[in-house]
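Me: Please take one pair of packed elements in this model and examine it closely. I should then like to see how it fits into the chain that holds it and into the assembly as a whole.

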Amino acid sequence: MPSDERPAAAAVPAVPAIELKAVSAYSAGYQVLSELSVAFPERRTSVVMGGTGSGKSALLKAAAGLLLPGSGSVEFRGVDMARLSRKEEAEFRAKSGFVFQDAALWSDTTILGNVSMPLSLHKPWMGKSDAAEAVRLIMKRLGYDGGMAMRPADLSSGEQKMASIARAVVHDPDIVFMDDPAVGLDEDATEQLFSLIEELESRGKTLIIVTNASEFAYRFADMLGIIRDGRLVAFGPYEETLARAEREPELRLERLKARGIRAARRRRESL
Amino acid sequence: MNILERLGSSARERGSNLLYGLGFFWNVLKETARFFRKSQVGYKVLIMQILFTGYEALAISAVMAVAIGAAINVIGTNLLPQFGQSQLMYTILIIVITRELGPLLTAFVITARSGTAIATQLGGMVVSHEIEAYVAVGLNPISYLVVPRFIGVTASIVILTVYFNIFGLLGSFAVVQVISPMPIGEYLRNLLGTLTVADIVIGLIKAAVFGVIVSVVSTFQGFSVNRASTEVPVAGIRAVGQSFILIILADVILTLVQYA
């Protein structure tokens, strides 16, 4: 993967990569998102934090078009996703990848079959051997050295998560949605994941991460949001959200404030 | 909530489910038309479905068909001479096996085997977010998961019905050999002399309709699972119950149309 400098703020397109407009959503009869509006900028890393049951996963799935809003709209680069044609939706899927919280690998398929699926769908010109090599490389990059012919049930939850992450990025998408991506990973694998995210950032990818781990925020967040009870109570540039937290203690960002300001400063200096 | 409100709420929910089911069926038909136009990764799923639903059910269908054919022959051979109607034996065999029991029993076997398997498998995939993962990579779950099962189950029931008919009539011949031996040529001549194209066509139409019912109901129930693994066996039970009821209703309607 080529390594470029992260684009300067001026290079960020005015139209957000993904924008939710007054989205309310329901799952199994319960309201999981309530009139939520947010714009995730292109080529930036947005991290939304929230506790268990706060609506993080619902927000991410709504943003990725996996959870249809009951009201409101979700736009991909300014186009309402509900109005995408079949071809346009296929293009969106080719340009995006999704890491599920619980891996969500296809149990009846091998690891190779799971991770290579986006390649066979979106880059059919790649031969089987090239696709297998691409899968092997990305899995190795994440620290997986097991067999590619194994089924998900044969792997540990951490290894399954690695395969899920690999499946989301193997086809080199522009936008990567990550739902608690470090859950289930050991320390080494988490470091490999951080390294992968840094690489994706350096290549100008749009990352949208929802998590309850503050580490992602202070390491990567250009934009930081807080979600609670299906409502986005804060969203903005990292430092601004932290500054808001100073004034609004109910945002409960103590841990992030303690460790995050220094990291943010370091991060700013590196840009 | 009083009794009237409960009834109203239940009726509204059922009406809404029915509309949702019809919408699902319409989507399946649309995606089926596309399936043959485009090269699909779903072909592998289709082959697996035909193997499971059709090939692996050959043995149980054969045993059942031979037993039913034999039973009809034993009953007919003992009962019909009492009314002086021994010559009706072949007509009864053809009507009961080819038009009625062939498609009906095959559909019941497939419902019990494949209907439950499809509903519980898809339900499990919903719970483990595998369906969402298909959507996330750009695969339409209807075209990739439902259509191959729809085509596979329907084609399998039609083929298995023909297979059932052959074994049912052969089973009858086996009993004939025990009761009053006759050359196979004569038996087949009598049988084929009675068999009409309408018998075959009606049996196959019924089989195809039953196949559509089993596959659509089972996939619909599988997708109806929301989030809990405890919903998965419930989906299986509903798939079987609803399929049985709809198959019997369809059978009655098709029989009424046939004799109208």
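Reply: **A helix pair in chain B and its setting**

In chain B, 88% of the contacts with a separation of 6 or more are between residues 24 or more positions apart; two residues are in contact if their C-beta atoms, placed from the backbone, lie within 7 Å. This is a predicted model, in which local features need pLDDT of at least 70 and side-chain atom pairs count only at pLDDT 80 or more, while totals for chains, interfaces and linings use all residues. Residues are numbered from 1 along each chain as its sequence is written, and chains are lettered from A and ligands numbered from 1 in the order in which they are written.

Chain B has 9 helices and 0 strands, in the order α-α-α-α-α-α-α-α-α. Helices (H or I, at least four residues) and strands (E, at least two) are DSSP runs numbered from the N terminus. Along the principal axes, the C-alpha atoms of chain B occupy a box of roughly 65 × 50 × 35 Å. Of its 260 residues, 40% are buried; a residue is buried if 20 or more other C-beta atoms lie within 10 Å of its own, exposed if 12 or fewer, and partly exposed in between, with C-beta atoms placed from the backbone.

The pair chosen is helix 4 (residues 89–127) and helix 9 (residues 231–259) of chain B. Their axes come within 8 Å and cross at roughly 150°, where axes are lines fitted to C-alpha atoms, for helices over the stretch in contact, and angles run from 0 to 180 degrees between N-to-C directions. The crossing of helix 4 with helix 9 of chain B is right-handed (near helix turned clockwise from the far one by less than a right angle; anticlockwise would be left-handed). On the side of helix 4, the residues that meet helix 9 of chain B include Leu104(B), Ala107(B), Gly115(B), Gly123(B), Gly124(B) and Val127(B). Helix 9 of chain B contributes, among others, Val232(B), Pro233(B), Gly236(B), Ala239(B), Phe244(B), Ile247(B) and Asp251(B). By class, this contact has 12 nonpolar, 8 polar and 2 charged residues; Ala, Val, Leu, Ile, Met, Phe, Trp, Tyr, Cys and Pro count as nonpolar, Asp, Glu, Lys and Arg as charged, and the others, Gly among them, as polar.

The largest nonpolar core has 131 residues, such a core being a set of buried Ala, Val, Leu, Ile, Met, Phe, Trp, Tyr and Cys residues joined through C-beta atoms within 7 Å. Within this core, Leu59(A), Ala62(A), Ala63(A), Ala166(A) and Phe177(A) touch the most other members. Helix 4 of chain B gives the most to the core, with 15 residues. Between the chains, 13 residues of chain B are in contact with 17 residues of chain A. The side of chain B that touches chain A has 6 nonpolar, 4 polar and 3 charged residues.

Chain A has 9 helices and 10 strands, and 44% of its 271 residues are buried. An open sheet of 6 strands in chain A has the order 6-7-8-3-9-10 with mixed pairing; two strands pair if DSSP finds at least two bridges between them. Strand 6 (96–99) and strand 10 (231–237) of chain A are the edges, each with a single partner strand, so one side of each has no neighbour in the sheet. From one strand to the next, the twist averages 15°. Strand 9 (residues 223–228) of chain A pairs with strand 10 of chain A in the antiparallel sense over 6 bridges, and Leu224(A) has Gly236(A) as its bridge partner in strand 10 of chain A.

Helix 1 (residues 56–63) of chain A lies across strand 3 (45–49), strand 7 (175–179), strand 8 (206–211) and strand 9 of chain A, and runs at about 155° to strand 8 of chain A. Ala62(A), one of the core residues named above, is in contact with Leu20(A), Val23(A), Ala25(A), Leu33(A), Leu67(A), Pro69(A) and Val74(A), its neighbours within four places in sequence being left aside. In strand 8 of chain A lies Thr206(A), which counts as buried because it has 25 C-beta neighbours inside 10 Å.
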